[in-house]
Amino acid sequence: MESYSHEQIEKILIGISESLDISPTKYKQAVERYNTIGEWLENGHYPGVVETPYIYPQGSFRLGTVVRPIKDGMEADYDIDLVSQLALAKENTSPSEIKHLIGDRLKENGKYQQMLNDEGKRCWTIEYAEQDSIGFHVDVLPSIPKPYGHLHAIDITDKDKESGNYNWDPSNPKGYAEWFDEIKRPAYEAVQLSQRKILQENYSDIYARVEDVPDAVIKTPLQRAIQIFKRHRDFRFSGKSNLKDKPISMIINTLSALAYSNESDLYSTIFNIVRKVKGYTESGLIQKVNGRWYIPNPVDPVENFADRWHENNDRKAKAFFQWIDWVEQDLAYALDQQDPKMMQAVLSEAFGERAVNESFSKLSLLAATVTPAIISRPHVDISEPSKPWGCNG
């Protein structure tokens, strides 16, 4: 029996991840926007603050794992997350004060005031209008430095939706990003030069020299795998009754990074991560102690990313393990299709038509000849081979 070669499958997966990612042109635009917001915040007056506010990106934009979110089954605006850190001691302020110092400063700018959403649980959100059918919103997260604990640790503001009370929550996005960078460093060093050359050639209008290509647009197999996982999660849970229980990105990021073994190709990275995460009881990536699930923050083990998994009869835990099964089954089923049109249709169900169509269009796979397989695929028992993504969760 013939099937696709390892090289063809690798190109399909990379093409999908590239289509999910923010383009270098849009990345440059996003950086310019958040730098402008940062400058405005840095130049503000905050009673009791003598140091310049520290503004820096966090989340998927910082980690290089951005994908366009899915809302109501459609692609939504890109999320850009910024930390706005004011140098005030916790005993001299409150989460409410910090939240409104940042919010009031944003409202002082007539442009931002018009673009500012109502106060969020943790952030202030600035909505940018779409350009070329792509929009952005920038979430600004107010915070103060933690006086003790791990390097870069901060306390962030959190407003309870029901009571309206403000609280402090611990976080360490900068420390987490540095940990993530160390995990991917060997793979990054292996691919960065070749990717820089390709990006400079394809985007010479914004990168005059190879050296001008920023580190943030270089992608390792780990980052691409996370993008694949996040988009699959978004489509799988879209419209489902357990939408609110879908795995959070921080858990996907952390488990993927812990399971990554510097695989050099995306296919192996995806399936090896899935295999290791599914063996959670043996690997220790996920723990359950005294009836409570535990996925520690690698830079601050006191913080538990799975702290709500025990609620509602383990609903979030069950959703996660169901999803990781879906990832394995859906991808194995799609990649076993020998008809290019059928493979394209199956992948579109899991990742969206636009991303998959762009990938196939780049590779001209609809006209490609199937070549003998040179890849050993994992055996996967598929309970719903006709449409495995059709469960109601």
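Here is a friendly exchange about a predicted model, its confidence, its cores and cavities, and a few of its residues.

User: Glad to look at this together. How do you know how much confidence the predictor has in this protein?

Analyst: The average pLDDT is 88, and 91% of the residues score at least 70. Among the elements, helix α4 (residues 95–107) has the highest mean, 97, while helix α10 (residues 280–283) has the lowest, 72. Over residues 366–393 the pLDDT is below 50, although this stretch has 64 contacts in the model beyond near neighbours in sequence. Where pLDDT is low, the predicted coordinates should not be read in detail.

User: Why is Arg231 called buried or exposed?

Analyst: Buried means under 20% relative accessible area. Arg231 has a value of 0%, so Arg231 is buried. This arginine sits in helix α7. Leaving out residues up to four places away in sequence, Arg231 touches Leu20, Arg68, Ile70, Glu75, Ala350, Phe351 and Gly352. As for Ile251, 20 residues apart from Arg231 along the chain, the two C-alpha atoms are separated by 14 Å.

User: And Ile218, what makes that residue buried or exposed?

Analyst: Its relative accessibility is 1%; the cut-off for buried is under 20%, so Ile218 counts as buried. Ile218 belongs to the loop between α6 and α7. Its contacts, not counting residues up to four places away in sequence, are Tyr188, Val191, Gln192, Gln195, Arg196, Leu199, Val213 and Gln223. Tyr188 is 30 residues apart from Ile218 in sequence, and their C-alpha atoms are 7.4 Å apart in space.

User: Which class does Ser249 fall into, and how do you know?

Analyst: Ser249 has a relative accessible area of 26%, and partly exposed covers what lies between under 20% and over 50%, so Ser249 is partly exposed. This serine is found in helix α8. Not counting residues up to four places away in sequence, Ser249 touches Lys230 and Arg233. Thr65 is 184 residues apart from Ser249 in sequence, yet 9.7 Å apart in space, C-alpha to C-alpha.

User: What makes the phi of His152 worth a remark?

Analyst: Phi of His152 is near 75°, a positive value in a residue other than glycine. Most residues other than glycine have a negative phi. His152 lies in the loop between β6 (134–145) and β7 (154–159). With a relative accessible area of 26%, His152 is partly exposed.

User: What is the phi of Asn262, and where is that residue placed?

Analyst: Asn262 has a phi near 60°, again a positive value in a residue other than glycine. Its place is in the loop between α8 and α9. At 40% relative accessibility, Asn262 is neither under 20% nor over 50%, so it counts as partly exposed.

User: On to the interior. Which residues of the largest nonpolar core touch the most other members?

Analyst: In this core of 59 residues, they are Phe229, Ile270, Ile286, Trp309, Phe320, Trp323 and Leu347. Two or more residues each come from α1 (6–20), α6 (173–202), α7 (221–237), α8, α9, α11, α12 (340–351) and α13 (353–363). The largest share, twelve residues, comes from α11. Phe320 touches Pro247, Ile251, Leu255, Val277, Ile286 and Trp309, not counting residues up to four places away in sequence. Apart from this core lies another, of 40 residues, including Tyr27, Val31, Leu106 and Val138. In soluble globular proteins, nonpolar side chains tend to be buried together.

User: How many cavities of 30 Å³ or more does a search of the whole structure find?

Analyst: The search finds one. The largest cavity holds about 40 Å³ of space. Its lining consists of Phe229, Ile252, Leu255, Ser256, Ile273, Val277, Phe320, Trp323 and Ile324. At least two of the lining residues come from each of α8 (249–259), α9 (266–278) and α11 (311–335).

User: What makes up that lining by class?

Analyst: Eight residues are nonpolar, one is polar and none is charged. Ser is not on the list of nonpolar or charged residues, so Ser256 counts as the polar one.

User: And what lines the second largest pocket?

Analyst: This pocket has a volume of about 990 Å³. It is lined by 41 residues, and the closest to its centre are Ile14, Glu18, Leu199, Arg224 and Lys362. By class, the lining divides into 17 nonpolar, twelve polar and twelve charged residues.

Methods:
Residues are numbered from 1 along each chain as its sequence is written. This is a predicted model: local features need pLDDT of at least 70, side-chain atom pairs count only at pLDDT 80 or more; totals for chains, interfaces and linings use all residues. Side-chain values use heavy atoms; hydrogens and water are left out. pLDDT is the predictor's confidence in each residue, from 0 to 100. Helices (H or I, at least four residues) and strands (E, at least two) are DSSP runs, numbered from the N terminus. Contact means heavy atoms within 4.5 Å. On a 1 Å grid over the protein atoms alone, a cavity is a set of points where a 1.4 Å probe fits but cannot get out, and a pocket is an open set with protein on both sides within 12 Å along at least five of seven lines; lining residues have an atom within 4 Å of a point. Grid points are joined across faces, edges and corners, and a volume is the space filled by probe spheres set on the points. A nonpolar core is a set of buried Ala, Val, Leu, Ile, Met, Phe, Trp, Tyr and Cys residues joined through side-chain atoms within 4.5 Å. Buried means under 20% relative accessible area, exposed over 50%, partly exposed in between (1.4 Å probe, protein chains only).
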